[in-house]
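The following exercises are to be worked with the sequence and the model at hand. Each task is followed by a solution in steps.

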2 protein chains.
Amino acid sequence: MQQFQELSVQFEHYLKEHSFFPALPENLYQPCRSVVASGGKHVRPALCLMSGELFGKLSEDVFHAAAALELFHNFTLIHDDIMDHAPLRRGKPTIHSEYGVATGILAGDVMNIYAYEQLSKINTACLPKILKIFNKTAIEVCEGQQLDMDYEAEDDINLDKYLEMISLKTSVLLAASAQIGAVLGGADEEDALNCYRFGKNLGIAFQLQDDYLDAFGAKKQTGKLLGGDIISNKKTLLYVGFKELTDDKQNDLYNHYATLAPEEKVSKTIMLYKDLKIDEYAKKLIASYSDQALAYLNKIKKPAEQLSALRELAVALLNRTC
Amino acid sequence: MQQFQELSVQFEHYLKEHSFFPALPENLYQPCRSVVASGGKHVRPALCLMSGELFGKLSEDVFHAAAALELFHNFTLIHDDIMDHAPLRRGKPTIHSEYGVATGILAGDVMNIYAYEQLSKINTACLPKILKIFNKTAIEVCEGQQLDMDYEAEDDINLDKYLEMISLKTSVLLAASAQIGAVLGGADEEDALNCYRFGKNLGIAFQLQDDYLDAFGAKKQTGKLLGGDIISNKKTLLYVGFKELTDDKQNDLYNHYATLAPEEKVSKTIMLYKDLKIDEYAKKLIASYSDQALAYLNKIKKPAEQLSALRELAVALLNRTC
């Protein structure tokens, strides 16, 4: 079984060989081409290909599905960036910053439809099942984005609500990527479901780790801003953990720190988090989802050595330090 | 065969009986429910049901497809209104005016996915074919919207370019509605294609007539504004016709009128159009597309009396005076 890196590269070649979009109208398709070419690690398509390969050969259908997942993911990024007023993505100006909001909306719309166009190429026997998984997931991703926006205005976000939001917004698409690959590879119902659960728990662990690394990572080494989430008052796992573990006095301190200049706000908030052992709290939670992911992986009825590539992907994704 | 009005009402009942959207998240689905409930004539789903009934019984599948077409159409209206900065739709505030742009984008996105969710319920034997028609059409509708935006900034829009734009933006969805109904009703390839051509030509004629009525209709009787397109400098058939038939002197006059206050601008521009017989030019073109639509209808291998409902729909849509 090929490693994540190999399949990610293989998918990148596939993207270069297949032009999903026609030439015209230029003002619609040029932004689409630029987003698809702008890279990223292709985690979703590679995961789809990996679980496809685990159960069968890498058929054209698995590539169609992988492309659909990548196009859908890119569509959500374009629209999320408009909703979040984000100026940059992958180090480049976002589509709406470069081409205007109207083009951003329309490019996202058409990219979503092209995702379905890729799905429509899948063998008739598998199509209804894949379409069902894909639709359910796509709806959940939209619901997750709505919850994320809703929570911006709410103060009492507890851990359950937060986990529900990140599950929908981030994890279900990773889960579906693994499941769809498995179904197309010929996995039985149980194995395909365990692929889904593996992807879902991995996705949650990954997002939680992203939250953790914002305050406790080695971001300075990579030039990234430490505490970006703290500066923008984003409600991440660390904030949720703080709200769960805090007392009134610490809460007053937190509110006081929120009024400080960015650098001091970040350093004092991180110190407060450490006093409360939010870093330990977060690490335990990440480990529990990560363990859960690996437990589901081990339930798949394949010899351990065939599962090693997916296991290594999980370990690699979760062993980041920044 | 049932008349348009009956099937439009039947579809409205269907909408009331079927709640496409779950209750939560409320901030996402309440706007969706409000758009679907806000009415309209349900031309696309009714056309789908009419052509479905022409060839077979009104199966559940035809209703699934009709619902998909209506949801897709509503999704495009929500997003178009954001792109066009439109404050009102069907006499009510547009979604983004009432709930904000972010909710408008997301509600449109999820409604598009729910359109595909309806399609996914269609019988496996027909699904790939319907999905193919639907995807092609959905892509074309986006391309039409892009051309419409592109043309706002261009002066030399000739008739061919204009017809291409309205074909994509408006007509292909009517065409696909008729074709999809026919396919699901069991029509052969040729009849389904003639349904498509009927819908496409009807759609073009309908849009051209909309342009005509803006200046030459009896809008004052209904309280609508006469010459709204002239006031907003919209590039409609009348503008395109003017550009084709004008000389330099008239062109100077047109440009001068553009500087006048709205009421005078409208009345003088309409007089200029009349001098150049743009009204006649438009009427001829409308008639030619309308005749073409009926010619394709007559090619369908069904007795004339069974085609009467579709014929009457065409006549009714094109005999509006406002």
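**Exercise 1. A loop residue in two chains**

A:Asn233 is found in the loop between helix H11 (228-231) and helix H12 (237-245) of chain A. Helices (H or I, at least four residues) and strands (E, at least two) are DSSP runs, numbered from the N terminus. The model is predicted: local features need pLDDT of at least 70, side-chain atom pairs count only at pLDDT 80 or more, and totals for chains, interfaces and linings use all residues. Residues are numbered from 1 along each chain as its sequence is written, while chains are lettered from A and ligands numbered from 1 in the order in which they are written.

Task: Determine whether A:Asn233 counts as buried or exposed, and give the value near which its phi lies.

Solution.
- Step 1. The criterion is a count of other C-beta atoms, placed from the backbone, within 10 Å of the residue's own: 20 or more means buried, 12 or fewer exposed, and anything in between partly exposed.
- Step 2. A:Asn233 counts as exposed because it has 10 C-beta neighbours inside 10 Å.
- Step 3. The phi of A:Asn233 is near 55°, a positive value in a residue other than glycine.
- Step 4. In chain B, B:Asn233 is placed in the loop between H11 and helix H12 (237-245). Its phi is near 55°, also positive in a residue other than glycine. B:Asn233 counts as exposed, since it has 11 C-beta neighbours inside 10 Å.

**Exercise 2. The end of helix H11 in chain B**

Task: State which residues B:Ile231 touches, not counting residues up to four places away in sequence.

Solution.
- Step 1. B:Ile231 belongs to helix H11 (residues 228-231) of chain B.
- Step 2. Two residues are in contact if their C-beta atoms, placed from the backbone, lie within 7 Å. With residues up to four places away in sequence left out, B:Ile231 touches B:Pro262, B:Lys265 and B:Val266.
- Step 3. From C-alpha to C-alpha, B:Ile231 and B:Ala258 are 8.2 Å apart in space, although 27 residues apart in sequence.
- Step 4. B:Ile231 is partly exposed because 16 other C-beta atoms lie within 10 Å.

**Exercise 3. The cis peptide bonds**

Task: Identify which residues a cis peptide bond joins in chain A and in chain B.

Solution.
- Step 1. In chain A the bond joins A:Leu24 and A:Pro25, with omega about -5°. A:Pro25 lies in the loop between helix H1 (4-17) and helix H2 (26-37) of that chain.
- Step 2. In chain B a cis bond joins B:Leu24 and B:Pro25, where omega is about -5°. The loop that holds B:Pro25 runs between helix H1 (4-17) and H2 of chain B.

**Exercise 4. The contact between the chains**

Task: Describe which helix of chain B gives the most residues to the side that touches chain A, and how the two chains are related.

Solution.
- Step 1. The contact takes 31 residues from chain B and 31 residues from chain A.
- Step 2. Helix H2 (26-37), helix H4 (60-83), helix H6 (101-119) and helix H7 (127-152) of chain B each supply at least two residues of this side. H7(B) gives the most, with 14 residues.
- Step 3. By class, the side of chain B that touches chain A has 18 nonpolar, 8 polar and 5 charged residues. Here Ala, Val, Leu, Ile, Met, Phe, Trp, Tyr, Cys and Pro count as nonpolar, Asp, Glu, Lys and Arg as charged, and the others, Gly among them, as polar.
- Step 4. B:Val110 touches A:Ile139, A:Cys142, B:Leu28 and B:Cys32, residues up to four places away in sequence not being counted.
- Step 5. Chain B is superposed on chain A by a rotation of 180° with 0.0 Å of shift along its axis (RMSD 0.0 Å). This is the relation of a two-fold axis. The same surface serves both copies, as 100% of the contact residues of chain B recur in chain A. The superposition is by least squares on the C-alpha atoms of residues with pLDDT of at least 70 in both copies.

**Exercise 5. Helix H4 of chain B**

Task: Compare the expected span of H4(B) with the distance between its end C-alpha atoms.

Solution.
- Step 1. The expected span is 1.5 Å times one less than the number of residues.
- Step 2. The 24 residues of H4(B) should span 34 Å at 1.5 Å a residue, and the end C-alpha atoms are 35 Å apart, which agrees.
- Step 3. H4(B) is mostly covered, with 21 of its 24 residues buried.
- Step 4. B:His85, whose phi is positive and near 55°, follows H4(B).
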